[in-house]
Amino acid sequence: MQKIEILKALSDAKVVAVIRGSSPEEATEISKGAITGGIRAIEITYTTPFVEETFKALRHSDAIIGAGTVLDVETARHAILNGAKFVVSPSYNAAIAKLCNRYSVPYLPGCMTITEMVTALEGGSDIIKLFPGNQFEPSFIKTVKGPLPNITIMPTGGVGLANMHEWLNAGAVAVGIGSDLNKAFAKDGYEGVVAQAKAYMKNLSN
Ligand SMILES: O=C(O)C(=O)C[C@H](O)[C@H](O)COP(=O)(O)O
């Protein structure tokens with residue numbers, strides 16, 4: 001898949017499910033529930049132990065699978081070798097940006113300030129993760145787009161069914177949703193994840 005197609009797929013997906021499993025089996029089950037519920041983009045976090053097993057289990061999925069909580073360049077290379085189509089970090093890391101550019105893999109770094117965002121743009125990131133999104137109002141996107149009209153922002157952290165629309169209406173290209181989905185798994189297991197994912201999708205079509 002070409003980088004441009006991956007970026008388009010993320011933009012079309014609108015919801016990126018951030019999967020934080022306590023085991024690779026759990027991460028796989030939550031991911032499969034999210035995909036069954038209609039989510040088209042999955043971010044498997046590197047806090048999941050033996051995470052490569054989850055990448056392997058999802059390799060024939062028709063959703064786009066990426067890696068999250070990528071804190072260093074070694075982890076980014078590991079993710080790419082395991083088939084990750086995009087790489088997400090909680091912060092901006094120049095070495096990860098360079099590595100991802102080398103392999104034409106989109107890098108979505110977490111940024112909070114305009115300086116961090118401009119640095120990430122200069123480092124080649126086409127989508128900036130606003131993290132933690134719950135420290136900001138959705139109107140922040142509009143304000144940033146004043147001086148940076150072409151910036152593409154994906155808020156993550158504290159986004160869920162209750163507020164995803166506010167962010168998308170404010171101009172977010174997509175939203176990253178973690179705990180809101182993982183909580184559904186803790187409460188109702190696989191079926192809970194399917195139901196929650198379906199609720200996001202229904203919300204998108206309204
Ligand atoms: O570590 C990363 O690269 C991340 O992507 C961080 C996650 O985006 C947040 O942990 C999700 O936040 P919640 O939806 O509030 O659970």
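The lining of the largest pocket in this predicted model divides into five nonpolar, eight polar and five charged residues. The volume of this pocket is about 310 Å³, and of the 18 residues that line it, V18, T156, G157, G178 and S179 are the closest to its centre. Helix α9, which spans residues 179-205, supplies the largest share of the lining, namely four residues.

The second largest pocket holds about 170 Å³ of space. Its lining is made up of M1, F55, L58, R59, S61, A63, I64, I65, N82, G83 and K85, and these residues divide into six nonpolar, three polar and two charged.

One of the residues that line the second largest pocket is R59, which is placed in the loop between α3 (51-57) and β3 (64-68). With a relative accessible area of 53%, R59 counts as exposed, because that value lies over 50%. The side chain of R59 reaches back to the backbone oxygen of K56, at 2.8 Å, while the C-alpha atom of R59 is separated by 9.3 Å from that of A84, a residue 25 positions away along the chain.

The interior of the model can be described through its nonpolar cores. The largest nonpolar core has 53 residues, and within it I39, I42, V87 and M117 touch the most other members. Helix α9 gives the most to this core, with five residues, and α9 is also the helix from which the largest share of the lining of the largest pocket comes. Apart from the largest core lies another one, of 14 residues, which include A13, V16, I64 and I127; of these, I64 also appears in the lining of the second largest pocket. If residues up to four places away in sequence are not counted, I39 touches V15, A17, A34, A63, L181, A197, Y200 and M201, and A63 from this list is likewise a lining residue of the second largest pocket.

A polar side chain in a buried position is found at S89, in strand β4 (residues 87-89). S89 has a relative accessible area of 1% and is therefore buried, since the limit is under 20%. A polar atom of the S89 side chain lies 2.7 Å from the backbone oxygen of V70. Leaving aside neighbours within four places in sequence, S89 is in contact with V70, I96, Y107, L108, P109, G110 and K129, so that V70 appears both as the partner in the polar pair and in the list of contacts, where contact means heavy atoms within 4.5 Å.

Some features of the backbone also deserve a careful look. F131 and P132 are joined by a cis peptide bond, with omega at about -5 degrees, and P132 belongs to the loop between β6 (128-130) and α7 (139-144). Positive phi values in residues other than glycine are found at T69 and at S104, as set out below.

| Residue | Phi | Location | Relative accessible area |
|---|---|---|---|
| T69 | near 55 degrees | loop between β3 and α4 (73-81) | 17%, buried |
| S104 | about 55 degrees | loop between α5 (94-102) and β5 (107-111) | 41%, partly exposed |

T69 is classed as buried because its relative accessible area of 17% is under 20%, whereas S104, at 41%, falls between the limits of 20% and 50% and is therefore partly exposed.

Definitions and conventions:
Residues numbered from 1 in each chain as written. Predicted model: local features only at pLDDT ≥ 70, side-chain atom pairs only at ≥ 80, totals over all residues. Heavy atoms only, no water. 1 Å grid on protein atoms, 1.4 Å probe; cavity = no way out; pocket = protein on both sides within 12 Å on 5 of 7 lines; lining within 4 Å. Points joined across faces, edges and corners; volume = space filled by probe spheres on them. Helix = DSSP H or I, 4+ residues; strand = E, 2+ residues; numbered from the N terminus. Nonpolar A, V, L, I, M, F, W, Y, C, P; charged D, E, K, R; others polar. Buried < 20%, exposed > 50% of the residue type's maximum accessible area, 1.4 Å probe, protein only. Polar contact = N/O pair within 3.5 Å; in protein donor to acceptor, adjacent residues only side chain to side chain. Core = buried A, V, L, I, M, F, W, Y, C linked by side-chain atoms within 4.5 Å.
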